[in-house]
Amino acid sequence: MAAGWFHLSVLALSSLGLISILFTIYWMHSWHGGFAWDGSILMFNCHPVLMVAGMVVVYSAASLVYRLPQSWVGSKLPWKITHASLHLMAFILTVLGLVAVFRYHNNKNITNLYSLHSWLGITTVFLFACQWFLGFTVFLLPWASVWLRSLLKPLHVFFGASILSLAIASVISGINEKLFFSLKNATKPYSSLPGEAVFANSTGMLVVIFGLLVLYVLQASSWKRPQVGITTEGQPLLRERE
């Protein structure tokens with residue numbers, strides 16, 4: 001596929017990812033009072049924003065680095081550093097998101113990690129940490145052999161897409177859980193679809209659409225970096241340079 005179509009797709013994905021973050025911010029600000037970093041419910045409001053920004057949007061940006069046509073030629077090292085740095089940024093945002101929810105729970109004596117959403121989320125973060133450590137030690141540092149990298153690369157790619165899928169599932173379950181807690185007033189139940197429910201559900205659908213499009217781009221063979229000496233339609237023949 002032509003590079004122009006890819007750049008147009010990246011622009012569309014960037015816009016959709018930014019809108020997902022802005023919608024989450026608006027939801028927490030308009031219906032839940034805004035943000036703070038003081039252990040209160042306003043600190044909890046940082047949690048969904050940081051998780052959408054880190055585990056979904058920035059994580060996706062890091063995953064798409066090797067799909068940029070500019071990364072198909074020349075040395076891979078700058079792109080490896082960019083890939084690892086964006087993933088590190090995503091991980092830092094994710095950790096801050098966990099700090100926000102754990103600190104709020106601890107201040108209010110609320111049990112941690114009791115819901116399916118929390119189990120799914122903490123599993124995703126654990127896999128993300130393992131994935132980043134593996135990528136840094138094997139694919140970025142120069143000690144690993146070509147044989148070892150070739151052996152681990154399919155696993156690295158598989159878990160990369162799997163972690164994004166788990167992150168999307170965590171976000172969706174988190175949105176649903178938050179709405180169940182927030183809309184339990186008999187005069188405005190979740191089932192009556194008040195304004196907050198419509199907006200939050202729409203935000204969740206945006207995250208799903210964004211994630212599915214990212215996964216599609218990651219799987220599209222015409223947008224993958226060609227292997228050395230192998231060409232596909234629309235891709236250049238590469239001469240590998242690390």
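**Exercise 1. The span of α3**

Task: Work out what distance the 18 residues of α3 should span at 1.5 Å a residue, and decide how this compares with the distance between the end C-alpha atoms.

Solution: In this predicted model, the expected span of a helix is 1.5 Å times one less than its number of residues. For the 18 residues of α3 this comes to 26 Å, and the end C-alpha atoms lie 24 Å apart, which agrees. The helix nevertheless carries a kink of about 25°, and the centre of that kink is Ala53. As for its surroundings, α3 is mostly covered, with 17 of its 18 residues buried.

**Exercise 2. α4 and its partners**

Task: Establish how far α4 reaches from its first C-alpha to its last, which of its residues are buried, and which elements these residues pack against.

Solution: Begin with the length: α4 has 31 residues and reaches 45 Å, close to the 45 Å expected at 1.5 Å a residue. Next, list the buried positions, among them Lys80, His83, Ala84, His87, Ala90, Thr94, Gly97, Leu98 and Val101. An α-helix has 3.6 residues a turn, so residues three or four places apart point the same way. Then look at the partners, where the buried residues of α4 are found to pack against α2 (41-44), α3, α5 and α6. Finally, the residue Asn109 follows α4 and has a positive phi, near 55°.

**Exercise 3. The nonpolar cores**

Task: Identify which residues of the largest nonpolar core touch the most other members, and which elements give two or more residues to this core.

Solution: The largest nonpolar core holds 42 residues, of which Trp27, Val56, Leu179, Phe210 and Val214 touch the most other members. Two or more residues come from each of α1 (3-32), α3 (46-63), α4 (77-107), α5 (116-140), α6 (146-182) and α7 (195-219). The element that gives the most to this core is α7, with 10 residues. Another core, of five residues, lies apart from it and includes Phe139, Ala144, Leu148 and Leu152. To see the surroundings of one well-connected member, take Leu179: once its neighbours within four places in sequence are left aside, Leu179 is in contact with Trp27, Tyr190, Glu196, Ala197, Ala200 and Asn201. As background, nonpolar side chains in soluble globular proteins tend to be buried together.

**Exercise 4. Aromatic pairs**

Task: Classify the pair Tyr26 and Trp31 from its ring geometry, and do likewise for Tyr59 and Phe128.

Solution: The structure holds 10 aromatic pairs. For Tyr26 and Trp31 the ring centres are 6.0 Å apart and the planes stand at 85°, so the pair is edge-to-face. Tyr26 is partly exposed, at 45% relative accessibility, and Trp31 is partly exposed as well, at 35%. The pair of Tyr59 and Phe128 is edge-to-face too, with 5.1 Å from centre to centre and 80° between the planes. Because Tyr59 lies in helix α3 and Phe128 in helix α5, this pair ties together parts that are 69 residues apart in sequence. Tyr59 is buried, with a relative accessible area of 1%, and for Phe128, also buried, the value is 1%. Ring pairs also link Phe23, Tyr26, Trp31 and Phe199 into a cluster.

**Exercise 5. Cysteines**

Task: Find how many disulfides the structure has, and state whether Cys46 is buried or exposed.

Solution: A disulfide requires two cysteine sulfur atoms within 2.5 Å, and by this rule the count is zero. Cys46 is buried, with a relative accessible area of 11%, whereas Cys130 is partly exposed, with a relative accessible area of 38%.

Key. Residues numbered from 1 in each chain as written. Predicted model: local features only at pLDDT ≥ 70, side-chain atom pairs only at ≥ 80, totals over all residues. Heavy atoms only, no water. Core = buried A, V, L, I, M, F, W, Y, C linked by side-chain atoms within 4.5 Å. Buried < 20%, exposed > 50% of the residue type's maximum accessible area, 1.4 Å probe, protein only. Helix = DSSP H or I, 4+ residues; strand = E, 2+ residues; numbered from the N terminus. Contact = heavy atoms within 4.5 Å. Bend = angle between axes of the 7 residues up to and from the residue. Phe/Tyr/Trp six-rings, centres within 6.5 Å; stacked < 30°, edge-to-face > 60°.
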